Amino acid sequence: MQACLYTDMFIEQIRAGNRDVFILTVDDEYIAECDLVYDNPEYKTVPGERLYFSRLIVKRSERGKGYGEAISQYLLNKAKEKGYKSIALGVDCDNTAAVNLY
């Protein structure tokens, strides 16, 4: 089985406490997921000051119902609780749903 670079990196970040994964469920059904990454120079983080908002995914059949905004707001509140002042994120310019959300 071929190793997946990103999967391995995500697992290592989670184990190291450098990535928290948040999953939004409704009636025990997976709806959305998003991560916070705390220390990664490639993502322009600044330890204790700026973190990275990563991998917002909303189940295709549930898009347009406010779940992306809900999980984003939840993560923003979590970042504030942890004392962060800013968040970095990246999005592909052709990902219009994400561009409109952010």
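This passage describes strand pairing, two pockets and several single residues in a predicted model.

The strands come first. Strand 2 covers residues 29–37, and strand 3 covers residues 50–58. These two strands run antiparallel and are joined by 5 bridges. One pairing shows how they meet: Glu-33 has Ile-57 of strand 3 as its bridge partner. Strand 3 also pairs with strand 4, through 3 bridges. Here the direction is parallel. Leu-51 is bridged to Ile-87, which belongs to strand 4. Strand 3 is thus joined to strand 2 and to strand 4.

Strand 3 also takes part in the pockets. The largest pocket has a volume of about 610 Å³. Its lining consists of 26 residues, and Leu-56, Ile-57, Asn-95, Ala-98 and Tyr-102 are the closest to the pocket centre. Three elements give two or more residues each to this lining: strand 3, helix 2 (67–81) and helix 3 (96–101). Strand 3 contributes the most, with 7 residues. The lining is mixed in class, with 13 nonpolar, 6 polar and 7 charged residues. Ile-57 therefore appears twice in this account. It is the bridge partner of Glu-33, and it is among the residues closest to the centre of the largest pocket.

The second largest pocket holds about 170 Å³ of space. It is lined by Phe-53, Glu-69, Ser-72, Gln-73, Leu-76, Ile-87, Leu-89, Leu-101 and Tyr-102. Helix 2 supplies the largest share of this lining, 4 residues. By class, the lining has 6 nonpolar, 2 polar and 1 charged residues.Two residues named above link these descriptions. Tyr-102 lines the second largest pocket, and Tyr-102 is also among the residues closest to the centre of the largest pocket. Ile-87 lines the second largest pocket and is the bridge partner of Leu-51.

Attention now turns to a buried residue and its contacts. Arg-19 lies in strand 1, which spans residues 19–26. Arg-19 counts as buried because its relative accessibility is 1%, under the 20% limit. The side chain of Arg-19 makes two polar contacts described here. One, of 2.6 Å, is with the side chain of Gln-13. Another, of 3.3 Å, is with the side chain of Ser-54. Leaving aside residues up to four places away in sequence, Arg-19 touches Phe-10, Gln-13, Ile-14, Asp-35, Leu-36, Val-37, Tyr-38, Tyr-43, Ser-54 and Arg-55.

Gln-13, the partner at 2.6 Å, sits in helix 1 (residues 5–15). With a relative accessible area of 8%, Gln-13 is buried as well. Beyond four places in sequence, Gln-13 touches Asn-18, Arg-19, Val-37 and Asn-40. Val-37 lies 24 residues from Gln-13 along the sequence, yet their C-alpha atoms are 8.0 Å apart in space. Val-37 is also touched by Arg-19.

The loops give another picture. Asp-27 is found in the loop between strand 1 and strand 2. Its phi is positive, about 50°, although Asp-27 is not a glycine. Asp-27 is exposed because its relative accessibility is 74%, over the 50% limit. Asp-28 is placed in the loop between strand 1 and strand 2. The phi of Asp-28 is positive too, near 65°, and Asp-28 is a residue other than glycine. At 79% relative accessibility, Asp-28 counts as exposed.

Gly-83 belongs to the loop between helix 2 and strand 4 (86–88). Its relative accessibility is 31%, so Gly-83 counts as partly exposed. That class lies between the 20% and 50% limits. Gly-83 and Glu-49 are 34 residues apart along the chain, while their C-alpha atoms are separated by 7.2 Å.

Notes: Residues are numbered from 1 along each chain as its sequence is written. This is a predicted model: local features need pLDDT of at least 70, side-chain atom pairs count only at pLDDT 80 or more; totals for chains, interfaces and linings use all residues. Side-chain values use heavy atoms; hydrogens and water are left out. On a 1 Å grid over the protein atoms alone, a cavity is a set of points where a 1.4 Å probe fits but cannot get out, and a pocket is an open set with protein on both sides within 12 Å along at least five of seven lines; lining residues have an atom within 4 Å of a point. Grid points are joined across faces, edges and corners, and a volume is the space filled by probe spheres set on the points. Ala, Val, Leu, Ile, Met, Phe, Trp, Tyr, Cys and Pro count as nonpolar, Asp, Glu, Lys and Arg as charged, and the others, Gly among them, as polar. Buried means under 20% relative accessible area, exposed over 50%, partly exposed in between (1.4 Å probe, protein chains only). A polar contact is a pair of N or O atoms within 3.5 Å; within protein, one must be able to donate a hydrogen and the other to accept it, and residues adjacent in sequence count only if both atoms are side-chain atoms. Contact means heavy atoms within 4.5 Å. Two strands pair if DSSP finds at least two bridges between them.
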